Structures are given as structure tokens and as C-alpha cells.
Amino acid sequence: MTTQTVEYIRYHIPAARSAEFLSAYTRAALRLAAAPQCVDYELARCEEDFEHFVLRIRWTSTEDHLEGFRTSELFADFLAEIRPYIPSIQEMRHYRPTAVRGTGSAVPTLYDWAGGAEAFARLTSVFYEKVLRDEVLAPVFEDLAPEHTQHVALWLAEVFGGPPGYSETQGGHGHMVAKHMGRGITEPQRRRWVNLIQDAADEAGLPTDAEFRSAFLAYVEWGTRLAVHFSGPDAKPPAEQPVPRWNWGAAPPYQG
């Protein structure tokens, strides 16, 4: 697995040439979009001085950029569009991300958007009431421990951006996976689990906006498919990993 790298290219473009510069990069960007080595890209313009631009390109690795994209036909077409602006480049370097990263509070976590700990406690309470009455899932949970509902509430809260209650009291992802080893969960049981937790989310009053529910369901699908995999006869426990942290998907939270 390669380590992603970020390339920054800084330009000083005279105001009289900015329109043609933007037009050229609009065409050149089609080659970036088609490149398998390109993760994403963005051209930004300075607000304080309109003559300064920064192009940010995230590559799958520096090697993939230099030995893959730059030796491809796509690069030849890309270069043909931006060649007139090469003398205007002030910096062109690769940067590797550090461990200093995060998100600000302008975008709420899924945990906060859902309503915090109380919302996930309601969700799991309603959900397991349904599970124990369900003919498909009841056999899977017939030996349900009294604290199971609370543990799942802690797990979901942490997954969706809440406090690390599960990690601090139970362990990481490996601990959760261990609960499923050897259980032989079937696809019909997985699908019923997915359907019931969506019904429980409705009854528990979790947000119904499309952005939240799409992210919520994305995790439910991901998590239940892993549960089926690790419950199989040939599954091997994964290396110890932290609890996954889920976030908003392609659409940010709607706050209109």
C-alpha cells in the first residue's frame, strides 16, 4: 500500500492573464481526473492578492506521480495546456501529511448531529427489543448479556465521533470482532440486522436528513459485512486496531 503525498504548485499570474490561466487549468484538470495516480485536486486563488494561485494535488504516492503520471500520455496533454504558465511557478514540491490533522467544529460530528449519548442509548434499547422478538435474529442473540446493549451504544457513539467510551472500557476493533468469531452469521441475518436498526433509528428519533442517514447506513453496511466475514469458519482475527471513526460521506451535513 502506497503512502499518499500532496503536491503544491504555487503560481504568480498577472491579473490580465488570470482568465486564460483558469481556462487552461479547467482543460488540464480533465487529465488529472482521468489519472489513476491522482486522488483529488483543487486550484485555489488568494483572497488578499488575486494574482496568486495554489494548485493542490493529492497523489497515491510521489513515485506514482513521477514515474506513473509523468510518463503517461495524460501528462503530455496536461503539460500542453499549462506550459505557458511554467515560468510563473514559485514553488512545486511534494509534501507528506503528518499526524497533526483533524476537523474543526464548523462541521458537527455524526455523534453530535444524532443527539449524543442519549440518542445512541435510545437507539440500541429500541433495536435490541426488536432483535429479541425477531425470528431471524433472536437465535443469534439468545445468550445476550445484560450489558450488551450498553456496550453497543458505547461502540456506535465512538464510531460516529463521540467519546472513546468503548475503547476505554472494552478495547479496540479487535475486541468487537472477537464477539463475532465462529458465530456463522448468514447474509439473511445480516440484512435483517440492517433493516431493524434502520427501523430502530426511526423510532428512537435519530435525524432523518439524507446526509446523516446515508452516512449512518454506510457504516451499518460496512460493519455488518465485516461481521459476516469474521464470523465465518476460515476467518482469522485481524491485528489489533482502534475503533473506526466514521464521518460524513460525499455530502456534508445539510444545515439550510
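A polar contact is a pair of N or O atoms within 3.5 Å; within protein, one atom must be able to donate a hydrogen and the other to accept it. The exercises below concern a predicted model.

**Exercise 1. Determine the environment of glutamate 91 and the polar contacts of its side chain.**

Solution.

Step 1. Locate the residue: glutamate 91 belongs to strand β4.

Step 2. Classify its accessibility. The cut-off for a buried residue is under 20% relative accessible area. Glutamate 91 has 14% relative accessibility and therefore counts as buried.

Step 3. Identify the polar partners. The side chain of glutamate 91 forms a polar contact of 2.4 Å with the side chain of arginine 10. A polar contact of 2.4 Å also links the side chains of glutamate 91 and tyrosine 95.

Step 4. List the contacts beyond four places in sequence. With nearer neighbours left aside, glutamate 91 touches Tyr8, Ile9 and Arg10.

**Exercise 2. Establish the strand order of the sheet and describe how its strands pair.**

Solution.

Step 1. Write down the order. The open sheet has four strands, arranged β2-β3-β1-β4, with antiparallel pairing. Its edge strands are β2 (38–45) and β4 (89–95), each of which pairs on one side only. From one strand to the next, the twist averages 10°.

Step 2. Place the helix. Helix α1 (residues 18–34) packs on the sheet and touches β1, β2 and β3. The direction of α1 makes about 170° with that of β2.

Step 3. Examine β2 with β3. Seven bridges connect these antiparallel strands, and a hairpin leads from β2 to β3 through six residues. Alanine 44 is opposite valine 54 of β3.

Step 4. Examine β1 with β3. Strand β1 (residues 5–12) and strand β3 (residues 52–59) run antiparallel and are joined by eight bridges. Threonine 5 faces tryptophan 59 in β3, and arginine 10 has valine 54 as its bridge partner in β3.

Step 5. Examine β1 with β4. Six bridges hold these antiparallel strands together; isoleucine 9 is paired with methionine 92 of β4.

**Exercise 3. Assign the side chains of β3 to the two faces and state which are buried.**

Solution.

Step 1. Recall the general pattern: in a regular strand the side chains alternate between the two faces of the sheet.

Step 2. Apply the pattern to β3. Phe53, Leu55, Ile57 and Trp59 point to one face and are buried. His52, Val54, Arg56 and Arg58 point to the other face and are not buried.

**Exercise 4. Characterise the packing of α5 against α6 and against α9.**

Solution.

Step 1. Take α5 and α6. The axes of helix α5 (residues 116–133) and helix α6 (residues 148–159) come within 9 Å and cross at roughly 135°. The two helices are therefore oblique to each other, and α5 passes α6 in a right-handed crossing.

Step 2. Name the residues in contact. On α5 they are Phe120, Ala121, Leu123, Thr124, Ser125 and Tyr128; on α6 they are His148, Thr149, Val152, Ala153, Leu156 and Ala157.

Step 3. Take α5 and helix α9 (residues 187–203). Their axes are 8 Å apart, at an angle of about 130°, so α5 is oblique to α9. The crossing of α5 past α9 is right-handed.

Step 4. Name the residues that meet here. Leu123, Val126, Phe127, Tyr128, Lys130 and Val131 of α5 face Trp193, Leu196, Ile197, Asp199, Ala200, Ala201 and Glu203 of α9.

**Exercise 5. Classify glutamine 189 and alanine 99 by accessibility, and describe the surroundings of each.**

Solution.

Step 1. Begin with glutamine 189, which lies in helix α9. Its relative accessibility is 16%, so glutamine 189 counts as buried.

Step 2. Add its interactions. The side chain of glutamine 189 reaches the backbone nitrogen of threonine 186 at 3.0 Å. Apart from neighbours within four places in sequence, glutamine 189 is in contact with Val136, Leu137, Val140 and Gly184.

Step 3. Turn to alanine 99, in the loop between β4 and α4 (110–114). The cut-off for an exposed residue is over 50%. Alanine 99 has a relative accessible area of 76% and is therefore exposed.

Step 4. Give the separation from leucine 110. Alanine 99 and leucine 110 are eleven residues apart in sequence, and their C-alpha atoms are 22 Å apart in space.

Note on methods. Residues are numbered from 1 along each chain as its sequence is written. This is a predicted model: local features need pLDDT of at least 70, side-chain atom pairs count only at pLDDT 80 or more; totals for chains, interfaces and linings use all residues. Side-chain values use heavy atoms; hydrogens and water are left out. Two strands pair if DSSP finds at least two bridges between them. Axes are lines fitted to C-alpha atoms, for helices over the stretch in contact, and angles run from 0 to 180 degrees between N-to-C directions. Contact means heavy atoms within 4.5 Å. Buried means under 20% relative accessible area, exposed over 50%, partly exposed in between (1.4 Å probe, protein chains only). Angles under 35 degrees count as roughly parallel, over 145 as roughly antiparallel, 65 to 115 as roughly perpendicular and the rest as oblique. A crossing is left-handed if the near helix is turned anticlockwise from the far one by less than a right angle, and right-handed if clockwise.
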